[in-house]
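I opened this notebook page to record what I looked up in the structure, going from the whole chain down to single elements. The entries follow the order in which I asked.

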Amino acid sequence: MKSIFNKTQYIAASLLIPVALLSCKKDAEPQVTEVAESNLVAKFSFEDNFTDLKSGTSGTANGVNFVDGIKGKAYQGSPGGFVSFANTPAGLASLESFTTSMWIRTARHTGGIQGVFTIPGTTSYFGNMLVMIDQNNTTSDSMNMKVYFEKNVVPAIGWYGQYIDLYGEYRLPNMYDNWNQVTFMYDATTSKFAAYLNGNKLVLEEGITDRFTDDPNDGGQLLGALSFANVSKFILGGYQNHLGAPWDAPDSEMLTYTGAMDELRFYNRALTATEVKALYNLDSGH
């Protein structure tokens, strides 16, 4: 019995050796900590602060707080609450193409349109770039989101402000009361807009994806590179109007964002579908 036991021990030990070696090899593999880092120009992780991790630019909280997020802590908005930045985080003012990605968790709201973030412009009604969530007066779990960005050049183009409304069949499904990652991008090389939900590209019609300088049926050309103008300040959870002068007071439908937000990123190019999926997997732990 003793010899059999010793033989069994030897076999078990020999089986464990390659497993241990494989385990060490796996642990030694580099862990992905960011996607397309060389193109990442701003990132907010909201770990008990409102600081852009790329530039070090910090914001001032106005009636907002922190909650548990998809990773660590997250931004928690409130009616009338937002974060104001006296200076625009470096890299946001010069975007020609972009990808912006964020995790959001929110409830249905009524009474207006909530501003998620704005890159302000002192001579523009909406600012240079703006992401919004429209009200929902129904029981549907689908959310209407809006994206706005500008191309300011001389001479001015007719469609200098690009307003994209994801409505009707293009509403984002199953959005309320749970964490979802939404990603929007514009590619200057193709003049196309794209949207992703939880790492999956949404199928959108050409009237949404293809961007022009003016009506293409009346001579409008492909939009090309964006150009922001008179960039001033930055705001999370609201419109530029919530920052006060030089902007007029917000209209009644301009609401602050009342939900939670986490891992907000800005890139200076359009990410690939593979990179968007990798970003979703990175944050969600898949």
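Entry 1, the whole chain. I began with contacts, and among those in the chain with a separation of 6 or more, residues 24 or more positions apart account for 66%. I note here that the model is a predicted one, and that every value below is computed from it. For secondary structure I found 3 helices and 16 strands. I then looked up burial, and 48% of the 286 residues count as buried. The accessible surface comes to about 13700 Å², and carbon and sulfur atoms hold 53% of that area.

Entry 2, the nonpolar cores. Which residues touch the most other members of the largest nonpolar core? I found that Phe-117, Phe-149 and Leu-236 do so, in a core that has 50 residues. I followed Leu-236 further and, leaving aside residues up to four places away in sequence, listed its contacts as Phe-44, Phe-46, Tyr-75, Phe-82, Val-83, Phe-85, Val-116, Phe-117, Met-261 and Leu-264. There is also a second, separate core of 11 residues, and Val-35, Tyr-196, Ala-270 and Leu-271 are among them. As background I wrote down that in soluble globular proteins nonpolar side chains tend to be buried together.

Entry 3, strands β3, β4 and β16. Strand β3 (residues 65-68) runs antiparallel to strand β4 (residues 73-76), and 4 bridges join the two. I looked up the bridge partner of Asn-65 and found Gln-76 in β4. The hairpin of β3 and β4 has 4 residues between the strands, and there Gly-72 takes a positive phi near 65°. On checking β4 again, I saw that 2 bridges join it to strand β16 (residues 260-267), also in an antiparallel arrangement. Here Gln-76 stands opposite Ala-260 of β16, so that Gln-76 links this entry's two pairings.

Entry 4, helix α3. This helix covers residues 273-284, and its 12 residues reach 17 Å from the first C-alpha to the last, which is close to the 16 Å expected at 1.5 Å a residue. Which residues of α3 are buried? I listed Glu-275, Val-276, Leu-279, Tyr-280 and Asp-283. Seen down the axis of α3, these buried residues fall within an arc of 140°, and therefore they line one face of the helix. I then asked what they pack against, and found β6 (98-105), β11 (180-187), β12 (192-197) and β16. Last, I noted that Gly-285, just after α3, takes a positive phi of about 80°.

Note on methods:
Residues numbered from 1 in each chain as written. Predicted model: local features only at pLDDT ≥ 70, side-chain atom pairs only at ≥ 80, totals over all residues. Heavy atoms only, no water. Pairing = 2+ DSSP bridges. Core = buried A, V, L, I, M, F, W, Y, C linked by side-chain atoms within 4.5 Å. Buried < 20%, exposed > 50% of the residue type's maximum accessible area, 1.4 Å probe, protein only. Contact = heavy atoms within 4.5 Å. Expected span 1.5 Å × (residues − 1). Arc of directions from axis to C-beta. Areas by Shrake-Rupley, 256 points an atom, 1.4 Å probe, with all protein chains shown as cover.
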